[in-house]
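Thanks, everyone. I'll keep this short and go from single residues out to the sheet. Please have the viewer open.

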Amino acid sequence: MRAVRVHAKRNAFLAEEIPVPDIGPGEVLVQVHSVGLSRGLVSVWLFTDMIKLLPATLGHEIAGVVASVGAGVTNVAEGDRVHVYPPLGCGKTSCDGCAAGDESRCPSFAMIGYAVFGPEGMSVYERYHNGGMAEYVRVPAANLEILPAGMSFQAGCKLTTASISVRALSTASQIVPGGTLLVTGATGANGSLAVSCAPLFGFERVIAVANHRTALDRLAKTFPQIHAVIAMEELAADWKKSGGLTAAIKQAGGVDALLDFTPIEPFVIQQSLPALNRHGCAILMAGNPSLIQVNYLDVMTHGLRIWGAPHATRADVRLTLSMVARGHLDIEPLVTHRFPLESAADAMKAIMLRKDSPGLVVLDVKEEQHAA
């Protein structure tokens, strides 16, 4: 089968022919139609050692059709259109995280086609480290969800990504019931999804922060809930030292809840936190490795809540699926860039250089993208 692979000490995607994976009991072979590519995955590959087995087929955002099922599989059948939920855990009923459908809490946490995150994750990762940048992928049957009728594969592969934004919004709405929401990294994948869903969680006003004005204006034309946009390229040159972003957010009216999707540098989150209203909350889900400075007295005296959320749960994915099925969420318009599988290098360049302000980026493994 065709696959795009990564190798040790080579920062490039290589097109190769590799065997179709075999499947065992409780497993499913999925014929991949669409696979997403994200800044997080590319960054983990290029800048960390968390991808433990190389060469590997990356790709954790997967949608396709069930090609065959192993013994004991009853939740899906051949021909079903499916989304792959990528988190993996030990699967034991004695594990609090796995029992709750939140594998990110499991010591064996890993992700299909991605990396190892938990200290005990190598055993499950070894079986499923090859992901969706290929014609076929082997996955546990328990990690499959049926796509809603009429949903394209290109939108379907981004369901777990969408559910991460849904989790952030759900968490924020439980702490702060409505008001004004600030979304940083608003034009990226999770940011744009959060903006689109904000009113469903009680946030009728959104302040969107991103690097470039053009992408923000495009977002604002699509979503009327956007009250104000702040383009960092338009701030004073010394904004990182002078607090220019804090001032701009306060000028836009202040915020009750913050969703941070800025993947690098500490300056955006450090200057967004002081703009929170009293008893506001901040949800951090960007995977940003930076150290940040927080004013202790501000957090204490203003009653601020700062939460981290590592990933979406199975319940978050099912909530997102129900939102799509009811017509409350349309992921399709947020897919801004599509590439053939063999053009993965071009997709990576668009993501990392922010060329043409990409939102959701998808690789097409098969040409037909919509259900009949």
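Let's begin at E145, which lies in strand β9, residues 144–146. Keep in mind that this is a predicted model. Is E145 buried or exposed? Its relative accessible area is 12%. The cut-off for buried is under 20%, so E145 counts as buried. What does its side chain meet there? It makes a polar contact with the side chain of R318, at 2.8 Å. Now the wider surroundings. Set aside the neighbours within four places in sequence, and E145 is in contact with R81, V82, H83, V317, R318 and L321.

One of those contacts is H83, so let's go there next. H83 sits in strand β5, residues 81–84. Its relative accessibility is 0%, so H83 counts as buried. Two polar partners are worth picking out on screen. The side chain of H83 reaches the backbone oxygen of G156 at 2.9 Å. The side chain of H83 also makes a polar contact with the side chain of T160, at 2.6 Å. Beyond four places in sequence, H83 touches a list of residues, including I62, A63, N143, L144, C157, L159 and V317. E145 is on that list too.

Now the sheet. It is open, with 6 strands, and the pairing is parallel. The order is β12-β11-β10-β13-β14-β15. Which strands stand at the edges? They are β12, residues 226–231, and β15, residues 305–308. Each has a single partner strand, so one side of each is left without a neighbour in the sheet. From one strand to the next, the twist averages 15°.

Look inside the sheet at one pair. Strand β10, residues 180–184, and strand β13, residues 255–260, run parallel and share 4 bridges. To find the register, click on V183, which stands opposite L259 in β13.

Two helices pack on this sheet. Helix α5, residues 159–175, touches β10, β13, β14 and β15. Its direction makes about 155° with that of β14. Helix α9, residues 244–251, touches β10, β11, β12 and β13. Its direction makes about 160° with that of β12.

There is another parallel pair to see. Strand β16, residues 335–340, joins strand β17, residues 360–364, through 5 bridges. Here V335 stands opposite L360 in β17. What do β16, helix α13 and β17 make together? They make a right-handed β-α-β unit, with α13 spanning residues 344–353.

Last, some backbone geometry to check before anyone sets up a calculation. L54 and P55 are joined by a cis peptide bond, with omega about 5°. P55 is in the loop between α1, residues 39–47, and β4, residues 61–69.

Then positive phi. K9 has a phi of about 60°, although it is not a glycine. K9 is in the loop between β1 and β2. At 88% relative accessibility, K9 counts as exposed. H279 also has a positive phi, about 65°, and it is not a glycine either. Where is H279 placed? It is in strand β14. Its relative accessibility is 52%, so H279 counts as exposed, given a cut-off of over 50%.

That's the tour. Questions, please.

Note on methods
Residues are numbered from 1 along each chain as its sequence is written. This is a predicted model: local features need pLDDT of at least 70, side-chain atom pairs count only at pLDDT 80 or more; totals for chains, interfaces and linings use all residues. Side-chain values use heavy atoms; hydrogens and water are left out. Two strands pair if DSSP finds at least two bridges between them. Axes are lines fitted to C-alpha atoms, for helices over the stretch in contact, and angles run from 0 to 180 degrees between N-to-C directions. Contact means heavy atoms within 4.5 Å. A crossover is right-handed if, with the strands pointing away from the viewer, the path from the first strand over the helix to the second runs clockwise. Buried means under 20% relative accessible area, exposed over 50%, partly exposed in between (1.4 Å probe, protein chains only). A polar contact is a pair of N or O atoms within 3.5 Å; within protein, one must be able to donate a hydrogen and the other to accept it, and residues adjacent in sequence count only if both atoms are side-chain atoms.
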